[in-house]
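Q: Please take one residue of this model as the starting point for a close look at its backbone and surroundings. Then follow what leads from there into the rest of the fold.

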Amino acid sequence: MIRICLSLWLATLFASTARAEDQAGAAETLRLARRLNEAFVSVAQTVSPSVVVIKVTQKLPPAETGEEGEFEKLPPGFWRRFHEQFERPDTIRGEGSGIILREDGYILTNGHVVEDAESIEVTLKDGRSFQAAVRGSDAQSDIAVLKIEARGLPVARMGDSAKTRVGEFAIAIGAPYSLDYTVTFGHISAKGRGNVVRGLEGAAMDQDFIQTDANINPGNSGGPLVNIEGEVIGMNTLIRGMRTGIGFAIPSNLAREVAEKLISEGRFARTWLGIGIRALRDDQELKKRFEGVTDGVLVSSLAPTGPAVKSDLKPGDVITSVDGQSVATAQQLRNEVRKKKPGQSVKLGVVRDGKPKTIKVSAGEWAAPAPK
């Protein structure tokens with residue numbers, strides 16, 4: 001009898017202890033959730049004042065009259081009466097976001113947000129609005145800096161994008177679809193994304209994007225992607241498809257590098273070698289042709305007017321280093337060359353016919369092609 005009572009007492013004690021532990025565990029989980037919740041709230045409250053909404057007016061090109069060619073048989077005056085009934089606007093309006101870089105009115109945004117703008121209006125979180133001018137823009141990185149006449153602005157805290165890790169929380173703030181100061185969150189999905197912008201023009205662009213599943217949409221362009229510490233680690237730039245959860249941001253280190261030059265000089269003197277390139281790691285069949293070369297960037301062509309055409313570099317060479325710094329991808333090569341000044345001699349470590357060589361190239365300044 002005593003043994004049965006003791007067993008029942010022990011069972012009751014163990015059950016009571018288990019319930020207490022479950023309750024304590026649930027309470028601790030709730031405390032952690034509350035702390036995480038407050039962290040997100042704190043980031044939104046801290047970062048939002050350093051974000052701006054950008055409204056742009058762009059002039060449309062002249063409309064075609066349509067009174068020639070395939071439409072020449074339409075009644076005389078048709079297009080005049082058509083435009084009188086359905087008036088075509090002379091301008092269109094666009095919207096994006098921006099990041100306050102300096103308290104004296106310098107603002108970071110995307111080049112495509114303010115491209116061909118006739119007027120730019122910047123609105124702060126406190127409701128104040130200013131007319132802005134483009135201080136400078138770099139087409140290959142899609143980075144632009146605006147200037148407004150203001151002082152004492154709340155400045156964004158820029159983080160080190162090189163230290164950002166895949167899997168970290170990522171928070172986007174901007175004005176998607178004219179919904180100002182929208183906050184969304186997700187994670188860093190990947191780093192070093194290249195070949196995101198396709199086509200001949202995109203192939204030469206700086207493409208070292210941070211990929212995120214934080215929800216970004218049209219209007220977020222130019223706004224910040226921040227970490228849980230409230231540091232800007234990227235500038236939201238583009239998306240792949242609508243509602244896919246795939247967005248891309250320019251790393252903060254690249255944005256800061258270009259922006260500082262645009263602020264100080266009004267332009268970014270971009271260094272180039274004038275070569276067509278392909279990374280061996282991107283093409284296994286190509287890699288097999290260069291037995292003994294574990295990684296590198298193949299020189300596929302030389303631009304007729306580029307700096308490299310005057311050097312000993314040849315198509316078929318595999319570049320493995322720039323001034324001693326190893327390069328394995330096209331973007332790594334661009335990053336190293338971009339650090340040089342136009343006219344500076346660059347030592348390229350290359351492999352030709354299976355043998356290592358060092359080739360010097362005097363870097364030049366890249367000039368944007370004239371519009372067609």
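A: D353 is exposed, with a relative accessibility of 73%; buried stands for under 20% relative accessible area, exposed for over 50%, and partly exposed for values in between (1.4 Å probe, protein chains only). This is a predicted model, in which local features need pLDDT of at least 70, side-chain atom pairs count only at pLDDT 80 or more, and totals for chains, interfaces and linings use all residues. Residues are numbered from 1 along each chain as its sequence is written, and side-chain values use heavy atoms, with hydrogens and water left out.

The residue sits in the loop between β19 (345-352) and β20 (355-362). Helices (H or I, at least four residues) and strands (E, at least two) are DSSP runs, numbered from the N terminus. The phi angle of D353 is near 55°, a positive value in a residue other than glycine.

Y181 also has a positive phi without being glycine, near 60°. It lies in the loop between β8 (169-174) and β9 (182-193). Is Y181 buried or exposed? At 17% relative accessible area, Y181 is buried, whereas D353 is exposed.

The strand that precedes the loop of Y181 contains A172, which belongs to β8. A172 has a relative accessible area of 0% and is therefore buried. Its C-alpha lies 5.8 Å from that of V183, with the two positions 11 residues apart in sequence numbering. Apart from neighbours within four places in sequence, A172 has contacts (heavy atoms within 4.5 Å) with T182, V183, T184, A214, I216, P224, L225 and N236.

Strand β8 also gives two or more residues to the largest nonpolar core. Such a core is a set of buried Ala, Val, Leu, Ile, Met, Phe, Trp, Tyr and Cys residues joined through side-chain atoms within 4.5 Å. This one has 31 residues, and L108, I143 and I250 touch the most other members. Besides β8, the elements giving two or more residues are α1 (2-47), β1 (51-59), β3 (106-110), β7 (143-147), β12 (232-239), β13 (247-251) and α5 (252-265). Helix α5 provides the largest share, 6 residues. The contacts of I143, leaving aside neighbours within four places in sequence, are L108, T109, G111, G136, S137, D138, M235, I250, L254, A255, V258 and L262. In soluble globular proteins, nonpolar side chains tend to be buried together.

Helix α5 is also met by α7 (residues 330-338), a mostly covered helix with 7 of its 9 residues buried. Those buried residues are A330, Q331, L333, N335, E336, V337 and R338. They pack against α5, β14 (271-272), β15 (275-279), β16 (297-302), β17 (318-322) and β18 (325-326).

Charged pairs come next. There are 15 salt bridges in the structure, each a side-chain nitrogen of Lys or Arg within 4 Å of a carboxyl oxygen of Asp or Glu. In one of them D104 meets R102, at 3.0 Å from N to O. D104 is buried at 13% relative accessibility, while R102 is partly exposed at 36%. E231 and R157 form another, with their closest N and O atoms 3.4 Å apart. That pair links distant parts of the chain, 74 residues apart: E231 is in the loop between β11 (224-226) and β12, and R157 in the loop between β7 and β8. Both partners are partly exposed, E231 at 23% and R157 at 46%. E168 and R165 are joined at 3.2 Å between their closest N and O atoms, and R165 is exposed at 57%. Salt bridges with shared partners also connect D312, D317 and R352 into one network.

Finally, confidence. The pLDDT, the predictor's confidence in each residue from 0 to 100, has a mean of 84 for the protein chain, and 81% of the residues reach 70 or more. It is highest in β11, at 98, and lowest in helix α4 (residues 200-203), at a mean of 42. Residues 65-72 are below 50, and this stretch has 7 contacts in the model beyond near neighbours in sequence. Residues 199-203 also stay under 50, with 4 contacts beyond four places in sequence.
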